[in-house]
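User: I'd like to learn how to read the empty spaces in a protein model. Could you walk me through this one?

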Amino acid sequence: MEFCESSEFCSVNPGEVNNDCLETSKITARPRFLFYDVNPPEGFNLRRDVYMRLAVMIRKLSEKADWHLVLPPWPKLYHWRSRVSQERLPWSLFFDLESLQAFAPVMDLQQYITEYGVSSIEQVYILQHFKDDWAAGRFEEKQSIGICNETPPYVLEEDGRFSGYFWGFKNLTASNMACLSFHGRAFQLAKFLSESQIRTVMVDHAEVVLHESYGDKEYWQARRSMRFSKKLVEKAVKFRQQVLNSSDEADKTVRPEDWRKEKGGRTALGGPYLCVHMRRRDFLWGRPKEVPSLPSVAQQLRYHLSKLQLNVVFIATDAPDKEFQEIQSALSDYTVVKYIASEDELLEIKDGGVAIVEQIICSHARFFIGTYESTFSFRIQEEREIMGFKPDTTFNSLCGDGSNGSCKQPSRWLAVF
Ligand code: GFB
């Protein structure tokens, strides 16, 4: 989709001067900032997906004006259960910001505050679905400002400003707020934003925006730019070396420092261990047919370990310790390990960091088995695709009880370089 910065009238023939356009370019030369937030219950790995939709969009917008995406600090997510304080965490704790910035102009909110001070956001749009999104049975991109479907979480105060959650920053407010029914992809929102001259705008419920395109080269560039922070990578490297006898050289998973230099190919071997992502807790009642009992997990692991002639299994899991121990004793003739963060480490990298270290370890395994429809597993699969594993070693899921070990396996989303 093509769009024009600020005004349809901007398209002029080469050599012609359009005064409207000159006026606009003066305005758009000043930096513009897009803030966003996501539906509070959403988990970490869906939020990463929302980021990608907006990163592709801001990259497009920044071709025409000085747009920046301000990354929402991580709140204490529902799945982060330990008692360490984990509010307003910067993206730099989990991701390598320089890598992200090599794809699109993004910055942590903390950086924005340091550079520009805490102030008021000019406009908040709460995105919402049209009540009749698919009524006509066909996909039609549209948007309209109108009545809010639900009571907005922003309150008009006596001073005429809107207060709200704003990632827990009490002195941040908004001058205007509106509900925007939206049905469409990222560039549609880009067009909408570029048609106004607002410099600081926030979209709440950004998950409503769809990917501009899913699985193409640009999608995978955005995905590849999501390198984890060096600190987390180092922790995974150490664990792989010390516990799993795994290193990038031996595993054929050496990658260029800069994701833009990656070339693709399928030569990765992986360390001498199997990794299973065993999603439990809310999946037990959310997907009871697909999530196997512990004896069944052990049985499925035994089958694969024997077939692969491996003796070591790494378990990434949100399960309580006693469930992990149950698997360990059911597979007492194998080495069954998991990553245990010390108290100090937990304080340093938080629950989100521990989960990422586990994801990195899994992405380097010789063989990976995930949990059906878990975005945590999807992100590991993507990481393995980027590193160049053979799809058979990556796109595997545990099967629910009663399926006799054969069930629907994950779709193969192959990386495009
Ligand atoms: O990542 P996520 O969106 O994946 O949410 P799903 C699951 C969260 O649970 C992770 C923790 O971000 C971690 O904080 N978690 C899950 C784990 N598996 C592991 C693991 O192996 N190790 C560690 N350390 N932590 C969706 C949620 O989860 O499931 C939705 O996003 C909803 O909000 C739905 O709850 C049912 O796609 O697995």
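Analyst: Let's go through the pockets, the ligand and the cavities in turn. This is a predicted model, where local features need pLDDT of at least 70, side-chain atom pairs count only at pLDDT 80 or more, and totals for chains, interfaces and linings use all residues. Residues are numbered from 1 along each chain as its sequence is written, and side-chain values use heavy atoms, with hydrogens and water left out.

User: How does one find a pocket at all?

Analyst: Rolling a probe the size of a water molecule over the atoms shows where empty space is left. Here the work is done on a 1 Å grid over the protein atoms alone: a cavity is a set of points where a 1.4 Å probe fits but cannot get out, while a pocket is an open set with protein on both sides within 12 Å along at least five of seven lines. Lining residues have an atom within 4 Å of a point. Points are joined across faces, edges and corners, and the volume is the space filled by probe spheres set on them.

User: What volume does the largest pocket have, and which residues are closest to its centre?

Analyst: The largest pocket holds about 1,200 Å³. It has 42 lining residues, with H79, R81, T317, D318 and A355 closest to the centre.

User: Which element supplies the largest share of that lining?

Analyst: Helices (DSSP H or I, at least four residues) and strands (E, at least two) are numbered from the N terminus. For the largest pocket, α12 gives the largest share, 8 residues. Elements with at least two lining residues there include α2 (44–61), β11 (312–317) and α12 (343–363). Domain 1 (2–217) and domain 2 (229–393) each provide at least three lining residues, with the bounds taken from an automatic or database domain assignment.

User: And what is the chemistry of the lining of the largest pocket?

Analyst: Count Ala, Val, Leu, Ile, Met, Phe, Trp, Tyr, Cys and Pro as nonpolar, Asp, Glu, Lys and Arg as charged, and the others, Gly among them, as polar. By that scheme the largest pocket has 19 nonpolar, 10 polar and 13 charged lining residues.

User: What about the second largest pocket?

Analyst: Its volume is about 690 Å³. There are 29 lining residues, and R227, V233, R255, P256 and E257 lie nearest the centre. α7 gives the most to this lining, 6 residues, and the classes come out as 9 nonpolar, 7 polar and 13 charged. Domain 1 and domain 2 each contribute at least three residues to the second largest pocket too.

User: Now the ligand. Which residues are closest to it?

Analyst: A residue is near a molecule if one of its heavy atoms lies within 4 Å of it. The ligand is surrounded by 21 such residues, the closest being N45, R279, D282, S374 and T375.

User: Which polar contacts does the ligand make with H277 and T375?

Analyst: A polar contact is a pair of N or O atoms within 3.5 Å. A side-chain N or O atom of H277 is 2.9 Å from a ligand nitrogen, and a polar side-chain atom of T375 sits 2.7 Å from a ligand oxygen. The protein covers 86% of the 710 Å² of accessible area the ligand has on its own, using the Shrake-Rupley method with a 1.4 Å probe.

User: How many cavities are there?

Analyst: There are 3 cavities of 30 Å³ or more. The largest is about 60 Å³, and its lining includes M52, R53, H211 and Y219. The second largest cavity has about 50 Å³; Y36, R47, W74 and W91 are among its lining residues. By class, that second lining has 7 nonpolar, no polar and 1 charged residues.

Methods. A polar contact is a pair of N or O atoms within 3.5 Å; within protein, one must be able to donate a hydrogen and the other to accept it, and residues adjacent in sequence count only if both atoms are side-chain atoms.
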